[in-house]
Amino acid sequence: MNSLSIIIPCYNEEAVLEMTYQALNSELKKLNREYEILFVNDGSKDRTFDIINDLSNRDTHVGGISLSRNFGKEGVLKAGLAHAKGDLIVVMDADLQDPPSLLHEMMRLIEEEGYDQVGTYRSSRKSQGIATRLFSEAYYRTFNFFSDVKVPINEREYRMMSRKVVNTILLFSEQNRYIKSLWSWVGFKTTHIGYEDIDRAAGKTKYNIKNKLKLAKHNILASSDKPLKFVGTFTVVFGVFLMVYTTYLVLTSNLTVNLIWAWLMWIQFMMLSVIADYVGKTYLESKHRPNYIITKSIESSMKVNK
Ligand code: UDP
Ligand code: MG
């Protein structure tokens with residue numbers, strides 16, 4: 001029978017961890033198979049790792065990893081995937097916004113219907129304000145416009161994967177990562193389950209609009225070179241336009257239309273900034289730095305079965 005690893009990224013989650021453990025534990029017991037809950041502490045400044053430690057003393061199904069600082073969710077997930085021991089691996093947020101009750105159906109889809117990845121998406125965003133909903137919608141549409149690898153609209157990071165998928169993702173050594181695009185990129189037989197948006201059980205969100213915008217840009221740059229190709233095409237189109245326009249100016253000496261020059265200059269600066277972003281990412285990638293550093297680790301009692 002397949003064993004199960006649940007990876008939980010945790011950044012300042014002291015308010016919710018005990019609740020999450022209780023909810024998850026009662027669901028996992030019902031599944032009647034070997035499991036581990038692997039909490040990954042992303043450099044929290046509160047008691048998150050102490051709580052993980054307590055939980056592991058009480059229950060040997062609980063394991064933990066602590067990172068040396070806050071690396072962000074991509075680093076946490078990479079660390080979690082590298083340390084999970086199960087045959088089926090689940091990624092789930094710490095705040096109970098990802099219902100543990102779906103685990104049973106996810107497992108059925110993999111074990112009985114032969115899927116390798118069961119992702120999830122929000123079927124509604126009722127609990128969110130209009131601004132957040134519009135931002136999310138715009139984000140997914142922009143991402144998919146600029147990327148050859150498509151990410152389903154409103155996809156969550158709550159997901160179950162077979163060991164085959166996880167081992168494939170672990171082969172990717174790139175530093176600039178976006179896990180949702182990697183999931184799409186690797187392929188394998190994939191399906192999604194939808195669920196209603198649920199409020200955080202306790203604690204606060206770790207993302208404000210500034211982080212979200214930064215991440216949105218990072219995700220596009222990490223996943224696609226389409227914006228660069230876009231710049232290339234624009235340069236050719238504007239080059240032709242400039243030639244025609246300059247000829248027109250020379251012939252008519254009409255200086256009142258110089259506003260167009262200002263616009264063209266602005267567009268050029270925008271295009272330069274896209275190129276600069278890619279140069280920056282390439283520079284960072286060339287350093288081959290790790291995505292995370294582990295300072296402490298607690299092993300669950302589950303046997304390794306990779
Ligand atoms: N998280 C993390 N590192 C970070 C930010 C968030 O490990 O730098 C974790 C966080 O503890 C939670 C999950 O990522 O388990 C999602 O974060 P959050 O619930 O704040 O995001 P939201 O649901 O509001 O988008
Ligand atoms: Mg959340």
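Is N12 buried, exposed or partly exposed? The exercises below work through this and other points. The model is predicted.

**Exercise 1. Classify N12 and F188.**

Find where each residue sits, then judge its exposure.

Solution.
- Step 1: Locate N12. It lies in the loop between β1 and α1 (17-31).
- Step 2: Count its neighbours. N12 has 19 C-beta neighbours inside 10 Å.
- Step 3: Apply the cut-offs. A residue needs 20 or more such neighbours to be buried, and 12 or fewer to be exposed. N12 therefore counts as partly exposed.
- Step 4: Repeat for F188. This residue is in the loop between α7 and β7. With 13 other C-beta atoms within 10 Å, F188 is partly exposed.
- Step 5: Check the backbone. Most residues other than glycine have a negative phi. N12 is not a glycine, yet its phi is positive, about 50°. F188 is not a glycine either, and its phi is positive at about 70°.

**Exercise 2. Lay out the sheet.**

Give the strand order, the edges and one pair in detail.

Solution.
- Step 1: Write the order. Eight strands form an open sheet, β7-β5-β6-β4-β1-β2-β3-β8, with mixed pairing.
- Step 2: Mark the edges. β7 (190-196) and β8 (294-298) each pair on one side only.
- Step 3: Note the turn. Neighbouring strands are turned by 20° against each other on average, direction ignored.
- Step 4: Pick a pair. β1 (residues 4-10) and β2 (residues 35-41) run parallel and share seven bridges. Within this pair, S5 has E36 of β2 as its bridge partner.
- Step 5: Add the helices. α3 (residues 73-83) packs on the sheet and touches β1, β2, β3 (62-67), β4 (88-91) and β8. The direction of α3 makes about 155° with that of β1. α6 (residues 163-170) also packs on the sheet, touching β4, β5 (117-124) and β6 (155-162). Its direction makes about 110° with that of β6.

**Exercise 3. Find the two faces of α8.**

Say which residues are buried, which are exposed, and what covers the buried ones.

Solution.
- Step 1: Check the length. α8 (residues 209-223) has 15 residues and spans 21 Å from first C-alpha to last, close to the 21 Å expected.
- Step 2: List the buried residues. They are N219, I220, A222 and S223.
- Step 3: Look down the axis. The buried residues of α8 fall within an arc of 165°, so they line one face of the helix.
- Step 4: Recall the helix geometry. An α-helix has 3.6 residues a turn, so residues three or four places apart point the same way.
- Step 5: Turn to the other face. Away from the buried side, α8 carries the exposed residues K210, L213 and K214.
- Step 6: Name the cover. Among the elements over the buried residues of α8 are α5 (130-146), α7 (179-186) and α9 (226-252).

**Exercise 4. Describe the core and the whole protein.**

Start from one residue and work outward.

Solution.
- Step 1: Take I6. Leaving out residues up to four places away in sequence, I6 touches L24, Y35, I37, L38, V90 and M92.
- Step 2: Place I6 in the core. The largest nonpolar core has 52 residues, and I6, I7, I8, L38, V40 and V90 have the most contacts inside it.
- Step 3: Step back. Buried residues make up 32% of the 306 residues.
- Step 4: Count the elements. The protein has ten helices and eight strands.
- Step 5: Give the extent. Along the principal axes, the C-alpha atoms fill a box of roughly 85 × 40 × 40 Å.

Conventions. Residues numbered from 1 in each chain as written. Chains lettered and ligands numbered in written order. Predicted model: local features only at pLDDT ≥ 70, side-chain atom pairs only at ≥ 80, totals over all residues. Pairing = 2+ DSSP bridges. Helix = DSSP H or I, 4+ residues; strand = E, 2+ residues; numbered from the N terminus. Axes fitted to C-alpha atoms, helices over the stretch in contact; angles between N-to-C directions. Contact = placed C-beta atoms within 7 Å. Expected span 1.5 Å × (residues − 1). Arc of directions from axis to C-beta. Core = buried A, V, L, I, M, F, W, Y, C linked by C-beta atoms within 7 Å.
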